[in-house]
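Subject: Structure for your review

Dear colleague,

I am handing over the structure below for your examination. A summary of what was found in it follows.

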Amino acid sequence: MTDLPSDPPGKPTAVSRTTLSTIMSQNDANLLGTVHGGVIMKLVDDAAGAVAGRHSEGPAVTASMDEMVFLVPVKIGDLVHVHAQVNWTGRSSMEIGVKVLAERWNESTPATRVGTAYLVFTAVDENGKPRRVPPVLPETDLDRRRYQEAGIRRTHRLARRREIQEFRDRGGAA
Ligand SMILES: CC(C)(COP(=O)(O)OP(=O)(O)OC[C@H]1O[C@@H](n2cnc3c(N)ncnc32)[C@H](O)[C@@H]1OP(=O)(O)O)[C@@H](O)C(=O)NCCC(=O)NCCS
């Protein structure tokens, strides 16, 4: 872990919050003619990566992606908005929450929520080793709720990883 001379000062959530907007074209289609899930996942990773880099003021890598939920299909010709923000920070890791909305590119109807995802990014130094990140400072009741829920997800991720490791250490299935 790359340590700093003193604890980095906190950064408000809004400082790094980002939206990435893209029109879906024929190149993004799957065999059913709607948008390929992997295209949306890449946009999610791109937006989350930008947020992680901005918050941590340097390189950050995707450590994990969980709870990517696709609620309704995205269509060719949809304008997709990927909203991302830092929900929670640890020593070197950050949970980034992502909300995906879609609207017809040429209609003024309200956008529909099409997916959500939670990703963990780890800030790394020039050798690819984890480095300290500034603590995120949630500003609104919604930010505070997201912070607390991210803490619950973090506890579950660590518990699952530990439990699987212990299972393997015992030699796996009998
Ligand atoms: C992510 C990575 C830097 C972690 O390195 P590591 O030596 O295992 O570091 P640590 O175990 O000390 O973990 C560092 C932090 O990342 C978190 N982390 C590591 N693996 C994680 C995982 N699978 N899920 C969630 N968090 C994870 C740890 O909880 C820790 O957080 P904290 O410092 O806030 O407490 C390393 O596994 C890596 O480089 N992975 C490849 C990343 C990559 O290339 N992504 C793009 C895919 S193409």
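Strands, as the word is used in this message, are DSSP runs of E at least two residues long, numbered from the N terminus. Please note also that the model is predicted.

With that usage, the shell around the ligand can be described by element. β3 (60-70) and β6 (112-123) each contribute at least two residues to this shell. β3 provides the largest share, with 4 residues. In total, 14 residues surround the ligand, and the closest are S64, G90, R91, S92 and S93. By character, the shell consists of 5 nonpolar, 7 polar and 2 charged residues.

Overall architecture

The protein chain has 174 residues, of which 30% count as buried. Its C-alpha atoms fill a box of roughly 50 × 50 × 35 Å along the principal axes. The secondary structure amounts to 2 helices and 7 strands, and from the N terminus on the elements follow the order β-β-α-β-β-β-β-β-α.

The UniProt record, an unreviewed entry, places the feature "domain: HotDog ACOT-type" at residues 14-127. In the model, this span is 18% helix and 46% strand, and its end C-alpha atoms lie 29 Å apart.

The sheet

How are the strands of the open sheet ordered? The sheet has 5 strands in the order β2-β4-β5-β6-β3, and the pairing is antiparallel. β2 (18-23) and β3 stand at the edges with a single partner strand each, so one side of each has no neighbour in the sheet. From one strand to the next, the twist averages 20°.

The individual pairings may be useful when you inspect the sheet:

- β4 (residues 78-89) and β5 (residues 93-104) run antiparallel and are joined by 11 bridges. The two strands form a hairpin with 3 residues between them. Within this pairing, H81 stands opposite L101 in β5, and L79 has E103 of β5 as its bridge partner.
- β5 and β6 pair in the antiparallel sense over 10 bridges. Among the partners, V98 is bridged to A117 in β6, and I96 is bridged to L119 in β6.
- β3 and β6 also run antiparallel, with 8 bridges joining them. Here T62 has F121 in β6 as its bridge partner.

β6 is mostly covered, since 9 of its 12 residues are buried. This strand thus appears in three of the findings: the shell around the ligand, the pairing with β5 and the pairing with β3.

Helix α1 and the residue after it

Does the length of helix α1 agree or disagree with the span expected for its 20 residues? At 1.5 Å a residue, the 20 residues of α1 (residues 37-56) should span 28 Å, and the end C-alpha atoms are 28 Å apart, so the two values agree. The buried residues of this helix are I40, L43, V44, D45, A47, A48, V51, A52, H55 and S56.

Directly after the helix comes E57, which has a positive phi, near 55°. E57 has this positive value although it is not a glycine. The residue belongs to the loop between α1 and β3. E57 counts as partly exposed because 13 other C-beta atoms lie within 10 Å, where 12 or fewer would make a residue exposed and 20 or more would make it buried.

The loop before the helix

S25 is located in the loop between β2 and α1. Is S25 buried or exposed? It is exposed, because 12 other C-beta atoms lie within 10 Å, and 12 is still inside the limit for that class. The C-alpha atoms of S25 and Y147 are separated by 35 Å, and the two residues are 122 residues apart along the chain.

For a first inspection, I would suggest beginning with the shell around the ligand, where S64, G90, R91, S92 and S93 are the closest residues. From there you may turn to the sheet, with its order β2-β4-β5-β6-β3, and then to E57 with its positive phi.

Yours sincerely,

A colleague

Methods. Residues numbered from 1 in each chain as written. Predicted model: local features only at pLDDT ≥ 70, side-chain atom pairs only at ≥ 80, totals over all residues. UniProt positions renumbered as here; feature names shortened; annotations may be inferred. Near = placed C-beta within 6 Å. Nonpolar A, V, L, I, M, F, W, Y, C, P; charged D, E, K, R; others polar. Expected span 1.5 Å × (residues − 1). Pairing = 2+ DSSP bridges. Axes fitted to C-alpha atoms, helices over the stretch in contact; angles between N-to-C directions.
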